[in-house]
Amino acid sequence: MPLNWDLIWSSFGPIVTGAITGTIPLTLASFVIGLALALLVALMRLSRNAVVSGVARFYVSVIRGTPLLVQLFVIFYGLPSLGVKLDPWPSAIIAFSLNVGGYAAEVIRAAILSVPKGQWEAGHTIGMSRGQSLRRIILPQAARVSVPPLSNTFISLVKDTSLASLILVTELFRNAQQIAAFSQEFMALYLEAALVYWVICLALSSGQSVLERRLDRYVAH
Amino acid sequence: MSPTDGAAHSGAHGATSQARPVLSVRNLAKAFGSNVVLRDIDLDVRRGNVVALIGPSGSGKTTVLRSLNGLETPDAGTVTFAGPGTSAGPGTDLALDFSARVSKKEISDLRDRSAMVFQHYNLFPHMTVLQNVIEGPVQVQKRKRAEAVAEAEKLLARVGLADKRDAYPFELSGGQQQRVGIVRALALKPQLLLFDEPTSALDPELVGDVLAVIQELADEGWTMVIVTHELAFARQVADEVIFMDGGLVVERGPAAEVLRAPRQERTRQFVRRLLHEF
């Protein structure tokens with residue numbers, strides 16, 4: 001089967017544009033909001049208040065126990081029946097943020113618990129409150145531990161945003177789909193899309209290595 | 001590296017003329033479930049004095065020490081610090097009654113009075129030596145950074161670690177880390193220094209350096225409570241030795257008496273066993 005090189009070259013434009021204006025901003029926005037949410041949920045789960053930790057546990061359970069695609073559809077196609085109509089972009093950002101929030105919360109909780117108890121005590125003995133110890137002593141150390149698993153979450157998210165094409169968000173995969181349908185060159189277009197996702201993830205992986213090296217500077221090797 | 005108030009005191013061992021102890025503890029009690037770890041502990045520490053807490057593991061000595069720094073909350077008993085505290089606030093006594101509910105504020109005030117040196121150092125691994133030392137003064141006591149740095153450098157020089165200022169804790173030996181731990185406590189200018197088995201985690205050849213620093217602090221008049229297994233050191237540095245067992249104070253008195261001629265059979269056994277180890 002001869003490849004239609006002209007089409008491949010000319011379709012790179014729309015696909016890469018889809019990555020730059022769709023996939024990447026969607027990923028970044030969802031990850032940042034999701035991480036903030038995850039930190040909150042992780043702290044709630046560590047709370048001694050049973051109601052607070054119960055709420056957090058329930059949230060994590062629902063997010064992890066239901067498919068991302070279903071969450072996306074509930075928000076975009078389901079909520080309008082309750083009178084909440086959201087555009088594709090806000091729907092996607094909310095769904096992906098909630099999803100990241102659930103998974104990353106467990107990562108952050110484990111990372112916080114991995115910091116030895118003596119670090120809290122050392123914070124207290126120099127007069128710090130719990131909040132101060134958390135911010136200045138515990139979280140910086142937890143951050144180092146959580147970089148590898150959070151990078152996993154981040155890289156998964158890049159690929160998961162392709163699901164947003166199903167709620168009409170114009171992003172990388174949706175552009176590829178449209179050109180494929182129009183030209184009937186499915187193999188070429190979907191491999192092209194795969195290649196662009198892969199390149200984005202390669203860049204993120206190397207970013208992860210740089211960050212890990214930076215955070216490892218205070219650890220014995 | 002002298003105690004906060006700047007008042008001249010000799011640091012001479014033995015009773016000082018101060019009428020009121022810096023720290024008074026009465027009837028301290030604590031249990032974990034049915035396991036009683038402290039029973040009716042009384043403790044007085046006078047300004048410039050050194051009290052050594054000795055006893056077998058599980059005797060409750062570390063729990064007493066940690067209670068003084070709010071790292072454990074006793075079930076009952078009172079802890080009173082005389083006079084003004086370290087940082088801002090009214091220059092009055094601090095009295096906590098653990099039989100009643102103790103507020104976060106009270107625990108925070110209690111921590112203001114003392115600083116702990118831990119058995120396993122517990123330095124902040126993500127901070128350099130200097131950052132470890134100035135963290136409390138700058139972040140908690142809100143002192144000027146430049147001033148805190150100058151003081152930290154002076155203190156580090158005193159314990160022979162001036163050149164380690166920008167090193168991370170993992171780059172230091174255990175003995176060096178513990179000296180940083182001591183400097184971190186000193187930088188807070190507490191009324192009372194607490195040592196929790198400060199040399200137990202060290203290689204034998206590094207113990208001497210750390211003990212020398214503590215001895216120097218005692219000579220300068222710092223008020224200290226030390227939990228230790230180093231009986232020879234306790235005899236040399238402490239004004240009073242308290243022997244605990246099973247959550248009780250079994251015997252207390254001047255260091256020389258308790259360690260050389262114990263009155264209680266239980267103390268005698270303990271001292272004999274520990275001295276024979278060496």
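## A walk through chain B and its meeting with chain A

In chain B, 66% of the contacts with a separation of 6 or more join residues that are 24 or more positions apart. Keep in mind as you look around that this is a predicted model.

**Start with chain B as a whole.** Select the chain and colour by secondary structure: nine helices and 10 strands should appear. If you then colour by burial, 47% of its 278 residues count as buried.

**Next, pick out the sheet.** Select S6, S7, S8, S3, S9 and S10 of chain B, listed here in their order across an open sheet with mixed pairing. At the edges you will find S6 (114-117) and S10 (248-254), each pairing on one side only. Look along the sheet and compare neighbours: on average they are turned by 15° against each other, direction ignored.

**Zoom in on one edge.** Show S6(B) together with S7(B), residues 192-196; the two run parallel and are linked over four bridges. For a landmark in this pair, display B:Met116, which stands opposite B:Leu194 of S7(B).

**Now add a helix.** Select residues 61-68 of chain B, helix H1. This helix lies across S3 (50-54), S6, S7, S8 (224-227) and S9 (240-245) of chain B. Its direction makes an angle of about 145° with S8(B).

**Turn to the nonpolar core.** Which residues have the most contacts inside the largest core? Display B:Ala52, B:Leu53, B:Leu193, B:Leu194, B:Val225, B:Ala234 and B:Val241; the core they belong to has 113 residues. Switch chain A on as well, since the element that gives the most to this core is H4(A), residues 88-114, with 13 residues. Apart from this core lies another one of seven residues, including A:Ala19, A:Phe173, A:Ala176 and A:Leu189.

Go back to B:Ala234 and centre the view there. Leaving aside residues up to four places away in sequence, B:Ala234 touches B:Ala52, B:Ile54, B:Thr228, B:Val241, B:Ala255 and B:Leu259.

**Finish where the chains meet.** Here 18 residues of chain A are in contact with 23 residues of chain B. On the chain A side, select H5 (117-125) and H6 (130-160), the elements that give two or more residues to the contact. Which of them gives the most? H5(A) does, with six residues. Colour this side of chain A by residue class to see eight nonpolar, eight polar and two charged residues.

Technical notes
Residues are numbered from 1 along each chain as its sequence is written. Chains are lettered from A and ligands numbered from 1 in the order in which they are written. This is a predicted model: local features need pLDDT of at least 70, side-chain atom pairs count only at pLDDT 80 or more; totals for chains, interfaces and linings use all residues. A residue is buried if 20 or more other C-beta atoms lie within 10 Å of its own, exposed if 12 or fewer, and partly exposed in between; C-beta atoms are placed from the backbone. Two residues are in contact if their C-beta atoms, placed from the backbone, lie within 7 Å. Ala, Val, Leu, Ile, Met, Phe, Trp, Tyr, Cys and Pro count as nonpolar, Asp, Glu, Lys and Arg as charged, and the others, Gly among them, as polar. Two strands pair if DSSP finds at least two bridges between them. Axes are lines fitted to C-alpha atoms, for helices over the stretch in contact, and angles run from 0 to 180 degrees between N-to-C directions. A nonpolar core is a set of buried Ala, Val, Leu, Ile, Met, Phe, Trp, Tyr and Cys residues joined through C-beta atoms within 7 Å.
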